[in-house]
Amino acid sequence: MTADPTLYRQAWRRFPTGVSVVTTRSPDGAPYATTANALLSVSLDPPLLLLSVATGGNTCDYLRREGCFGVNFLRGDQAEIADFYGRAAPEERRTLPEAHTMHESGVALLDNALVGMVCHIEQQVEAGDHTLFVAAVEHVEVREGGALLFHEGQYGNTG
Ligand SMILES: Cc1cc2nc3c(=O)[nH]c(=O)nc-3n(C[C@H](O)[C@H](O)[C@H](O)COP(=O)(O)O)c2cc1C
């Protein structure tokens, strides 16, 4: 017995999350960014996180190729960035928002995000139509401010 996929999708629309932009690189070295909310902290010591990405998409292919990525938790006023990197065509995702800094590992972090993290992939697990990337967090930047939220297909903020 398997739950109805439409109902299952509707169920998760009712689960509020934060929103991140994941940054990696295209095979030609250009940046590539995508909006992601399927993220969780796996371990504190050592720091490990999990990112779930649709298998077969560019993001999944590029993460596998690069072996590292950046996670940027967005601020309450960055819904436009989330919307852009959640919908834009692949060629448009190759341009990052103006203010970003290239970490020495080659991962780009957004200067004005609430949190920036540089992650190195340690494990990959195929799960249904997604791939789970378990990654060691090598560098963390934390700033003050409210967070962007996603719920029922709408953006909100923590105020
Ligand atoms: C709020 C929001 C959250 C998203 N979270 C994820 C996610 O966690 N994993 C994922 O694979 N795609 C997620 N997406 C879809 C991607 O941003 C993107 O549209 C898709 O992965 C693009 O495919 P590509 O990897 O071929 O570029 C999300 C989109 C939105 C708007």
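Two strands pair if DSSP finds at least two bridges between them; strands (E, at least two residues) and helices (H or I, at least four) are DSSP runs, numbered from the N terminus. The model is predicted: local features need pLDDT of at least 70, side-chain atom pairs count only at pLDDT 80 or more, and totals for chains, interfaces and linings use all residues. Residues are numbered from 1 along each chain as its sequence is written.

**Exercise 1.** Determine how S1 and S11 pair, then place them in their sheet.

Solution. Start with the pair: S1 and strand S11 (residues 148-151) are joined by two bridges in the antiparallel sense. Within this pairing, Gly-18 faces Leu-149 of S11. Next, extend to the sheet, which is open, has three strands in the order S1-S11-S12 and pairs them antiparallel. Its edges are S1 (17-18) and S12 (154-157), each pairing on one side only.

**Exercise 2.** Describe the shell around the ligand by residue class and by element.

Solution. A residue is near the ligand if its C-beta atom, placed from the backbone, lies within 6 Å of it. There are 17 residues around the ligand, and Ala-36, Ala-38, Gly-57, Thr-59 and Gly-86 come nearest. By class, nine are nonpolar (Ala, Val, Leu, Ile, Met, Phe, Trp, Tyr, Cys, Pro), none is charged (Asp, Glu, Lys, Arg), and eight are polar (the others, Gly among them). By element, strands S3 (31-36) and S5 (48-54) and helices H2 (58-66) and H3 (79-87) each supply at least two residues of the shell.
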